[in-house]
Amino acid sequence: MTTLSPDILAELERQAIELPSWAFGNSGTRFKVFSTPGTPRDPYEKIADAAQVHAYTALAPTVALHIPWDRVDSYDDLRRHAEGLGVALGTINSNTFQDDDYRFGALTHEDPRIRRKAIDHHFECIDVMHATGSRDLKIWLAEGSNYPGQADLRGRQDRLHESLRTIYDRLGDGQRLVLEYKFFEPAFYHTDVPDWGTSYVQVAALGDRAVVCLDTGHHAPGTNIEFIVMQLLRLGKLGSFDFNSRFYADDDLIVGAADPFQLFRILFEVIRGGGLNHPDVAFMLDQCHNVEDKIPGQIRSVLNVQEMTARALLVDRAALAAAQRGGDVLEANRVLMDAFHTDVRPALAEWRESRGLPADPMRAFAASGYLAGTAEERVGGTQAGWGA
C-alpha cells in the first residue's frame, strides 16, 4: 500500500472545501426541476445537510450562501445555527439573473435605474457579509447579447467597470470581490465576462481585494484549464475555485467525474504555484445534483478533490524539474503519470480512521439513516437549487 508522508498528510489535514447551499435543494434541467424526498424547507435545513458532509469527511467546514435564495430574518441567528452544527458561513453569492428588469443586463444595463438596482442588491449582500462574518462576495453575471448589433460591446464593459467600482468601494475591511467568468450562456452572441482574461482585466482595475473565480466547468472543450490556473496564480489574482465537472458544456457535475486526470493536472498547478491551503485561494464546489442524492454527491466531490490532491502531492518535483531541464520529454511525463496512477485510497482510508473519521465516508453516511429521517420529517420542502 502506498504510504503518504507526514508532510503530505499535514497538507491534507489543512484542506478545506466550501459547499454551496444550493446543492442541497431541488434541481434539474432547463425543462424541469425534480423534487427529492427530504428537500430542505429553509436555509437552516440546507446548512444542516451541509454539516453532514463535514461530519463524515472533515473537509467542508464552511457553507456558501446565495442571496436572495438564502434570505432569513436574522443572519446572526443563521450564523449561530451553523456554528452549532460545526460549520461556518462562507462566501455570499449575488443574483442578478432572475428579475425581469435584468432582461438586457444588470450591472451593464443601458438604464441607470436598473444598474442602480443591481448595485443596491450587491450592497445588500455586503450587509449580509457583515452579519455572517463572510470575506468574499462572489459575482457571476448572466449578461450579454444574442445578436450582432444588439448591444454596444465596449459601452457594456465601461458600465460594468463603473458598477463593479461602486460595489468594490462599498466593501468592508478584509472583504473581497470575486468575479466569476463563464464561456457562454444565457447570452449566445456575446457574454460580458466570458473568460479569465476579461475577469482579470476587470478586477485588476479595481484593486488588490478584487480577484478571479475559476469555475472548472466554464470553459470550451479542450481548454487547458491548468494553464489558466498557473497564469492567475502567477499574477496573484486567483481568488477561488468552483469545482465541478462537465462533458460538453456547463453541467455542474461531480468534480472529477468527466476527467479525473484534468482535476489532477489542475491541482498539481495549484501546488506548483503555492495555492494549496493558501488563505487567498478558496476551494469551493458549485454543483447541482439532478439525479443523485445531494449529500452523497457532495461527499463524493470533496473526496475526489482530496484524492487528486494527494496524488498531485506525490509528484516527485525534483525529478520532474530535472527531466524538464534536460529536455527528457518521456521521463517528465512518466514522473507525472506515476503520481496520477498511484492508488492513494487505502492510505487515505487508514488516515481517516486514525483521526476518528470513517474509513469510507460514503458507506458510513448511507448507513446512518439520515436521508430516510429527513424524508420522513421534511414534508413539503420546496427549496430549489435554482430559485427558492
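Buried here means under 20% relative accessible area. Keep that cut-off in mind as you click through this predicted model.

**Stop 1: the central sheet**

Start by colouring the strands. Eight of them form an open sheet with parallel pairing, in the order β1-β4-β5-β6-β8-β10-β11-β12. At the edges you will find β1 (19-20) and β12, each of which pairs on one side only.

Now select strand β6, residues 136-139. What are its neighbours doing? On one side, strand β5 (residues 88-93) pairs with β6 in the parallel sense over two bridges. Show the residues concerned: I92 has L137 as its bridge partner in β6, and N93 has K138. On to strand β8 (residues 176-180), which pairs with β6 over four bridges, again in the parallel sense. Here L137 stands opposite L177 of β8.

Turn on the side chains of β6. Which way do they point? D136 and K138 go one way from the strand, while L137 and I139 go the other way, and all are buried.

To see how the chain gets from β5 to β6, add helix α4 (residues 112-132): β5, α4 and β6 make a right-handed β-α-β unit.

**Stop 2: H66 and an aromatic cluster**

Select H66, which you will find in strand β4 (residues 62-66). Is H66 buried or exposed? Its relative accessible area is 6%, so H66 is buried. Leave out residues up to four places away in sequence and display what H66 touches: S21, W22, N93, S94, N95 and F97.

W22 and F97 are worth keeping on screen, as ring pairs link W22, W69, F97 and W140 into a cluster.

**Stop 3: S240 in strand β11**

Move along to S240, found in strand β11. With a relative accessible area of 1%, S240 is buried. What surrounds S240? Setting aside neighbours within four places in sequence, S240 is in contact with V178, V212, C213, L214, A282 and M284. If you draw a line between the C-alpha atoms of S240 and V212, it should read 6.8 Å, although the two residues are 28 residues apart along the chain.

While you are here, bring up helix α7 (residues 225-235). This helix lies across β10 (210-215) and β11, and runs at about 165 degrees to β10.

**Stop 4: aromatic pairs**

Next, show the aromatic rings. A pair of aromatic rings is described by the distance of the centres and the angle of the planes. The model has twelve aromatic pairs. Select F243 and F283 for an edge-to-face example, with 5.1 Å centre to centre and 75 degrees between the planes. F243 lies in strand β11 (residues 238-243) and F283 in strand β12 (residues 282-285), so this pair ties together parts that are 40 residues apart in sequence. Both F243 and F283 are buried.

Then pick F261 and F340. Their rings form a tilted pair, 4.8 Å centre to centre with 55 degrees between the planes. This pair links distant parts of the chain, 79 residues apart: F261 belongs to helix α8 (residues 260-272) and F340 to helix α11 (residues 329-340). How exposed is each partner? F261, at 22% relative accessibility, counts as partly exposed, whereas F340, at 12%, counts as buried.

**Stop 5: charges over rings**

Two tyrosines come next. Select Y102 with K117: the charged end of K117 sits over the ring of Y102, 5.6 Å from its centre. Then select Y168 with R209, where R209 lies over the face of Y168 at 5.5 Å from the ring centre.

**Stop 6: helix α12**

Finish with helix α12, residues 345-354. Which of its residues are buried? They are A347, L348, A349, W351 and R352. An α-helix has 3.6 residues a turn, so residues three or four places apart point the same way. Rotate the view with that in mind, and add α1 (6-14), α9 (294-313) and α13 (361-368), which the buried residues of α12 pack against.

For a last click, go just past the end of α12 to G356, which takes a positive phi of about 80 degrees.

Key
Residues are numbered from 1 along each chain as its sequence is written. This is a predicted model: local features need pLDDT of at least 70, side-chain atom pairs count only at pLDDT 80 or more; totals for chains, interfaces and linings use all residues. Side-chain values use heavy atoms; hydrogens and water are left out. Rings of Phe, Tyr and Trp (its six-membered ring) pair if their centres lie within 6.5 Å; planes under 30 degrees apart count as stacked, over 60 as edge-to-face and the rest as tilted. Buried means under 20% relative accessible area, exposed over 50%, partly exposed in between (1.4 Å probe, protein chains only). A charge sits over a ring if NZ of Lys or CZ of Arg is within 6 Å of the ring centre and within 35 degrees of the ring normal. Two strands pair if DSSP finds at least two bridges between them. Contact means heavy atoms within 4.5 Å. Axes are lines fitted to C-alpha atoms, for helices over the stretch in contact, and angles run from 0 to 180 degrees between N-to-C directions. A crossover is right-handed if, with the strands pointing away from the viewer, the path from the first strand over the helix to the second runs clockwise.
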